[in-house]
Amino acid sequence: MTHALLVIDVQNDFCPGGALAVAGGDEIVSGINAAMNDFDAVILTQDWHPAGHSSFASSHDAEPMSLTEMPYGPQVLWPDHCIQGSVGANFHPNLTVDRADMIIRKGYNPAIDSYSAFFENDHKTPTGLEGYLRTRGIDTLTMVGLATDFCVNYSAVDAAKLGFNVTVQMDLCRAIDFDGSLQAARDGMIAAGVTIA
Ligand code: VGL
Ligand code: ZN
């Protein structure tokens, strides 16, 4: 077994004071740093949108957190966040970024959002992470980070569908919990065979 820690989107914009702040998002940083020592590999994801991204409410003259229909299905419209090169897109300053073997960026396609670290929201366009993990012989993943009900959830479900052994360590995650999204995410992960720890 080769076991990687996948740290999802621990970035300033998802922490208190950020553009899409997740309550308590900064509380998990020291625990994630400590956990890094227990794994064969550490991989970070970084939400990385161009200005004017199609997932931004401002691009549609819509209210943040409203829903729209995209060619690939329903999409929540978010406040502008994690814009390429901005302070908000940087990792939390206390995250041990130096320990990472690999940083995978996602959400850079202007027309498609990408919650999952494996596929964009069309569920077809790959990020390349699967190939990276397989070529390194990584078969087991523990996921932590932000947000439990969006990027962690989508990444965990995709990884399980791809055949990886997946655990989500809930004490090192925090949720947006919008409109029942946390309970739905929990149910969906369990149905996909993800272990919730
Ligand atoms: C995320 C909403 C939009 C996340 C990213 O990291 O969970 N959520 N972009
Ligand atoms: Zn995003």
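Reader: Which residues of α3 are buried?

Author: This model is predicted. A residue counts as buried if 20 or more other C-beta atoms lie within 10 Å of its own. In α3, the residues that pass are T148, D149, F150, C151, V152, N153, Y154, S155, A156, V157, D158 and A159.

Reader: How many of the residues of helix α3 are buried?

Author: Helix α3 covers residues 148-161. The helix is mostly covered. Its buried count is 12 of 14.

Reader: What covers the buried residues of α3?

Author: Strands and a helix both take part. The strands include β1 (3-8), β6 (140-146) and β7 (165-174). The cover also includes a helix, α4 (181-191).

Reader: At what angle does α3 run to β7?

Author: α3 lies across three strands, β1, β6 and β7. Angles run from 0 to 180 degrees between N-to-C directions. For α3 and β7 the angle is about 170 degrees.

Reader: Which residue with a positive phi follows α3?

Author: Look just past the helix. The phi there is near 100 degrees. The residue is G163.

Reader: What is the order of the strands in the open sheet?

Author: The sheet has six strands, and their pairing is parallel. The order is β5-β2-β1-β6-β7-β8.

Reader: Why is one side of β5 and of β8 left without a neighbour in the sheet?

Author: β5 (102-106) and β8 (195-196) stand at the edges. One side of each is left without a neighbour because each has a single partner strand.

Reader: Which residue in β7 is the bridge partner of M143?

Author: β6 and β7 pair in the parallel sense. They do so over six bridges. In β7, the partner of M143 is V168.

Reader: Which residues are around ligand 1, and how do they divide into nonpolar, polar and charged?

Author: The shell holds D9, F14, D47, W78, Y115, L146, A147, F150 and C151. Among them, F150 and C151 are also buried residues of α3. The shell divides into seven nonpolar, no polar and two charged.

Reader: How many helices and strands does the protein chain have?

Author: From the N terminus on, the elements run β-α-β-β-β-β-α-β-α-β-α-β. That comes to four helices and eight strands.

Reader: What is the radius of gyration of the protein chain, and why does it agree with a compact globule?

Author: The chain has 197 residues. A compact globule with 197 residues would come near 16 Å, so the chain's value agrees. That value is 15 Å.

Note on methods
Residues are numbered from 1 along each chain as its sequence is written. Chains are lettered from A and ligands numbered from 1 in the order in which they are written. This is a predicted model: local features need pLDDT of at least 70, side-chain atom pairs count only at pLDDT 80 or more; totals for chains, interfaces and linings use all residues. A residue is near a molecule or strand if its C-beta atom, placed from the backbone, lies within 6 Å of it. Ala, Val, Leu, Ile, Met, Phe, Trp, Tyr, Cys and Pro count as nonpolar, Asp, Glu, Lys and Arg as charged, and the others, Gly among them, as polar. Helices (H or I, at least four residues) and strands (E, at least two) are DSSP runs, numbered from the N terminus. Two residues are in contact if their C-beta atoms, placed from the backbone, lie within 7 Å. The radius of gyration is taken over C-alpha atoms; the globule rule is 2.2 Å times the number of residues to the power 0.38. Two strands pair if DSSP finds at least two bridges between them.
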